[in-house]
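Biologist: I have a structure open beside its sequence, and I would like to learn how to read its features one at a time. Could you give me the general idea each time, and then the case at hand?

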Amino acid sequence: MSGEMTTMLAEQSRLGRARVMPWIRRLIFYLILLSIWEGIVRLEIWPPYLFPGPLIVANALWEGVTQGLFLPAALVSLRRLAIGYSISLSLGLVLGLLLGRNKLIQETVGSLVLGMQALPSVCWLPLAILWFGLNERAIIFVVVLGALFSITLGVEAGVKNTPPVYLKAARNLGARGVRLYTQVLLPAALPAILNGLKQGWSFAWRSLMAGELLYYTLSLGNLLQTGRDLNDAAQVMAVMVMIVIVGVTIDQILFAPVERRVRERWGLA
Amino acid sequence: MAERHLVAQHGHAVAGMADASEQPSGGISLEIVGVSKRFLARGRMVEALAPVDLQVKPGELICLLGPSGCGKSTLLSIIAGLEPPSSGLIRAGGRKVQGPGIDRVLLFQEAALFPWLDVQHNVAFGLRQAGMPEAERMRMAREYLELVHLSGFEHSYVHQLSGGMRQRVALARALVLNPAVLLMDEPFGALDALTRDKLQIELETIWAATGKTILFVTHNVREAVALGDRVLVFSPRPGRIIQEFSITLPRPRSLEHHQTIDQAREILAVLHADQRPDEEANDEW
């Protein structure tokens, strides 16, 4: 009995180590990276206001947050992202379903969507500014176009790759009309849709930053621009760190749990 | 025991569902009148099914036997109302079939369970479409999972099940709707011999207890003889019924019994006579 207990405990601690070890390796990697960075700064090849060390950047990040600049800026950016992405999501789901289910729409609109996907969404910015002026609407417009086509193509791919036998089985069991879409096609397509959603999210994020670089109200993109104007590389880097943190956090909150569930249900590795 | 339990549940299943058939548990008749199917493939008209006439009595178990691509599956699909015939018509319980209905449920070779739902929700899918409240349909799903010996797997996902277990779930998903007709399209075709034998016996038991009308497609001759009241032999494309055998051997029939084997041999001879040499099916009995 006690022998069993010992092996169980040994097993548990082994599992615990297996979970912790990657984090330790990651930590060591970043510590090495930071010391290399600090080492290069100490060589004084470039002046510190152009190439500040990690401590200075960390300090800039701390000050940016405590002076109440970074967090409100991040909130402004996130609000735009949320609005733009929601619009893309609704349009993309409908458009993707239509493309996946209707041959005529796929042959016509489908080719247009593929073409649009090849166009970086920043290219819409000059046009957006002409149409809407340099304001909130122009930025959201660019965010929407950034995410829309990735989401559409993801939904379309998912719907097209759904084995027809699922639809047959569902109709056979009494599913009709809209329920075939909500209870069969969309969930069946979820793995592919999720890929589209993630890609759309990262494109939306990029488009937003491009838009905000040009637009002078408080936002993450705008903080980058003011950092440049003030010759303050530490602020620029601090804001970049901030953008990475926000991006990774959203990914962990929004997409990682859904992805885990999809993997669990479909049995994907 | 489990079968008596099933019968007891049936009245309840019908009462609980909005538009279930008014039939009590048990089968209905099927009339297949001049049903054929043609379709366009690569610009050529292909005749999948020559006009078929067939009368099925309520509660009859009929096996459709023939080489792959002889239109047996197409016929089941048409009876299920999932595709229209090119000519002819189907009457189920005297009423013309004009689309899918849960009085006729089709089971597929690949089970066609939904990977985004767990086992219990898969079984309850049809009840949900019929508007049954959540708690009640979950209770019924559990009961029918018990019937197919899958209690304890309610929350498993499809990828965690073996092929035989998937077919059991598919069977429960169909039976829970209390259909009068089960249309089975090689449901055991992809299973190993042992699992297949077990499922055959269970299907026969359930059939004996409920008296449902069953059309069972297979290209396994012995399986057809072991299960069927009648075995209909189909020709290769375009499929038509070339001969009909009434199987009067006593039930339950053993696959190994010499009478089963003799009967199978007789049917196989008919299959061979009508078959081009490159067709399969003869290695499968």
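Modeller: Let us begin with charges, where Lys and Arg count as positive and Asp and Glu as negative, while His and the chain ends are left out of the count. Please keep in mind throughout that this is a predicted model.

Biologist: How many positive and negative charges does chain A have, and how far apart are their mean positions?

Modeller: Chain A carries 23 positive and 14 negative charges, and the mean positions of these two groups are 14 Å apart.

Biologist: Which secondary structure elements should I look for in each chain?

Modeller: In chain A you will find 11 helices and 0 strands, so that its pattern, followed along the sequence, reads α-α-α-α-α-α-α-α-α-α-α. Chain B, by contrast, has 8 helices and 10 strands.

Biologist: What does the radius of gyration of chain A say when it is set beside that of a compact globule?

Modeller: The general idea is to compare the value with a rule for globules, which is 2.2 Å times the number of residues to the power 0.38. For 269 residues a compact globule would come near 18 Å, whereas chain A has 24 Å. The C-alpha trace of chain A spans about 80 × 70 × 30 Å along its principal axes.

Biologist: Into which domains is chain A divided, and where do they lie in the sequence?

Modeller: Domain 1 of chain A takes in residues 1–46, and domain 2 takes in residues 58–266. The C-alpha centres of these two domains of chain A lie 34 Å apart.

Biologist: How should I read burial, and what share of each chain counts as buried?

Modeller: A residue is called buried when its relative accessible area is under 20%. By that reckoning 38% of the 269 residues of chain A are buried, and in chain B the share is 58% of 285 residues. As for accessible surface, chain A has about 15,300 Å², with 69% of it belonging to carbon and sulfur atoms, while chain B has about 11,700 Å², with 51% belonging to those elements.

Biologist: Is A:E38 buried or exposed, and why?

Modeller: A:E38 counts as buried because its relative accessibility is 18%, which falls under the 20% cut-off. The residue sits in helix α1 of chain A, which runs over residues 2–42. Beyond its neighbours within four places in sequence, A:E38 is in contact with A:G53, A:P54 and A:L55.

Biologist: What share of the contacts in chain A joins residues 24 or more positions apart?

Modeller: Among contacts in chain A with a separation of 6 or more, that share is 69%. In chain B, 70% of the contacts between residues at least 6 apart in sequence join residues at least 24 apart.

Key: Residues numbered from 1 in each chain as written. Chains lettered and ligands numbered in written order. Predicted model: local features only at pLDDT ≥ 70, side-chain atom pairs only at ≥ 80, totals over all residues. Heavy atoms only, no water. Helix = DSSP H or I, 4+ residues; strand = E, 2+ residues; numbered from the N terminus. Buried < 20%, exposed > 50% of the residue type's maximum accessible area, 1.4 Å probe, protein only. Contact = heavy atoms within 4.5 Å. Areas by Shrake-Rupley, 256 points an atom, 1.4 Å probe, with all protein chains shown as cover. Charge placed at Lys NZ, Arg CZ, Asp CG, Glu CD. Domains from an automatic or database assignment.
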